[in-house]
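This report describes selected local features of one protein structure. The topics are a loop residue, a sheet and aromatic pairs.

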Amino acid sequence: MRLSVVLLLMSSLLLGCSNSANKDDKPNELLPLNKQVLAQKRWRATVGSGLGKVYRVMPPAIDSSSVYASDYRGRVFAFDKDSGKQRWRKSLRMALAAGVSARGDQVLVASLDGDIVALNKSTGEINWQVNVTSEILAPPQTNGPVVVVQTNDGKLLGLDSKDGKTLWTYSTQLPVLTLRGTAAPQVLGPNVVAGFANGKIAALSAVDGTLYWERRVARPQGRSDIERVVDIDGTPIVDGSTIYTTSYNGTLSALSPRGQILWSQPTSSHNSPLVIDGTVFVTSAEGRVEAFDARTGRFLWENIALFGRKLSAPQNLSGFLVTADYQGYVHIFDPEVGVVLERIRIDRKGIRSPMVADGTHLYVLGNDGKLASIAVYLGVLQATPTKPEKDS
């Protein structure tokens with residue numbers, strides 16, 4: 001038990017320095033660029049104490065009118081999407097490391113001690129709270145009737161969204177050494193798709209936890225435990241009828257609804273992939289931004305300008321590809337050719353949590369608790385290249 005915990009902590013440190021191909025490689029410096037679009041902050045707000053000093057990934061969540069976010073001390077916030085004005089704040093007095101999710105009339109959070117809390121969306125008051133005894137590093141997800149929680153020890157739990165009562169449990173065996181992180185399950189109507197630290201992806205019934213299929217998408221290779229880490233830490237993405245998933249030291253894979261592997265490409269990533277208009281995008285562990293044909297898996301392009309910069313998961317902002325880095329810059333790409341069009345800085349302490357978007361606006365939570373809404377505008381050209389900001 002203790003050995004497993006120590007190895008998990010070791011692996012989190014390894015992950016923090018493994019985003020370049022070699023430990024001697026230095027992150028690429030940002031070069032001046034000619035802006036071809038304009039990114040602007042619509043508003044900024046502060047989310048408590050942010051993510052803290054320990055490695056945490058805590059994505060915000062959005063609905064039609066609000067943005068929800070939490071800090072590591074257990075404070076949960078709701079902000080107006082258009083103005084950034086705070087609507088409510090709730091202090092839960094518990095250690096959080098998973099971010100939030102929001103659907104229906106509830107905001108869901110989970111703690112390192114296994115507490116799962118459902119808050120009223122309108123007021124922030126607690127609807128119910130239960131404890132499942134396992135550490136939780138991914139935000140709970142729901143289809144309305146059922147809340148699905150993935151724990152760091154390889155379990156999936158289905159809870160009644162009315163009171164938190166456990167409806168079903170699914171367990172899988174994990175290797176001794178894993179990255180410190182957990183993919184959030186993808187809940188699609190009555191179905192759940194989840195990735196695990198053993199390199200497997202599974203599809204289950206959200207109603208009763210019945211296993212439909214389980215498929216290995218990454219196989220451990222190498223002699224050491226570190227070399228054999230094949231975690232799926234990015235949430236599997238479903239586009240149309242195809243499931244796309246990444247794994248660390250593994251592959252980008254496309255699967256059919258029945259779990260058949262349609263194609264795979266070798267790439268190492270602990271972030272979720274992204275699909276835009278028939279193209280799959282990946283930010284690799286080394287800092288490459290890569291594009292593949294979603295139907296065939298054919299390699300399209302890569303950009304190594306951000307090599308070693310510890311990139312966040314890719315996101316879609318008004319049809320543009322965006323990612324963020326360890327210095328707090330959001331980078332905007334042309335998704336067709338991979339050229340960087342613009343960048344904007346949000347948080348000097350960096351950005352590692354996945355960003356969220358509603359189509360026309362991007363919502364970004366920095367490591368220091370800076371929350372910002374960003375919009376991008378077309379047709380803005382500059383003759384003079386813009387230079388990156390200098391760290392103070």
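Ser284 lies in the loop that runs between strand 23 (279-283) and strand 24 (289-293). In this predicted model, Ser284 has a relative accessibility of 3% and is therefore classed as buried, the limit being under 20%. The side chain of Ser284 makes a polar contact of 3.0 Å with the side chain of Glu286. When neighbours within four places in sequence are set aside, the contacts of Ser284 are Thr267, Ser268, Ser269 and Glu290.

**Aromatic pairs**

Across the whole structure, a search identifies 7 aromatic pairs. One of them is formed by Tyr68 and Trp88, whose ring centres are 6.3 Å apart. The planes of Tyr68 and Trp88 meet at 40°, so this pair is tilted; the tilted class covers angles that are neither under 30 degrees nor over 60. Tyr68 belongs to strand 3 (residues 66-70) and Trp88 to strand 5 (residues 86-91). With their positions 20 residues apart, the pair links distant parts of the chain. Tyr68 is buried, at a relative accessible area of 2%, and Trp88 is likewise buried, at 6%.

Phe292 and Phe299 also form an aromatic pair, with a centre-to-centre distance of 5.8 Å. Their planes stand at 70° to each other, and the pair is edge-to-face. Phe292 is buried, with a relative accessible area of 3%, whereas Phe299 is partly exposed, with a value of 39%.

The accessibility of the four ring residues is tabulated below.

| Residue | Relative accessible area | Class |
|---|---|---|
| Tyr68 | 2% | buried |
| Trp88 | 6% | buried |
| Phe292 | 3% | buried |
| Phe299 | 39% | partly exposed |

**An open sheet**

An open sheet is built from 4 strands in the order 14-15-16-17, with antiparallel pairing. Its edges are strand 14 (186-188) and strand 17 (211-216). Each of these edge strands has a single partner strand, so one side of each has no neighbour in the sheet. From one strand to the next, the twist averages 15°.

Which strand is joined to strand 17, and by how many bridges? Strand 16 (residues 200-205) is joined to strand 17 by 5 bridges, and the two strands run antiparallel. Within this pairing, Ala202 has Glu214 of strand 17 as its bridge partner.

Terms used:
Residues are numbered from 1 along each chain as its sequence is written. This is a predicted model: local features need pLDDT of at least 70, side-chain atom pairs count only at pLDDT 80 or more; totals for chains, interfaces and linings use all residues. Side-chain values use heavy atoms; hydrogens and water are left out. Rings of Phe, Tyr and Trp (its six-membered ring) pair if their centres lie within 6.5 Å; planes under 30 degrees apart count as stacked, over 60 as edge-to-face and the rest as tilted. Buried means under 20% relative accessible area, exposed over 50%, partly exposed in between (1.4 Å probe, protein chains only). A polar contact is a pair of N or O atoms within 3.5 Å; within protein, one must be able to donate a hydrogen and the other to accept it, and residues adjacent in sequence count only if both atoms are side-chain atoms. Contact means heavy atoms within 4.5 Å. Two strands pair if DSSP finds at least two bridges between them. Axes are lines fitted to C-alpha atoms, for helices over the stretch in contact, and angles run from 0 to 180 degrees between N-to-C directions.
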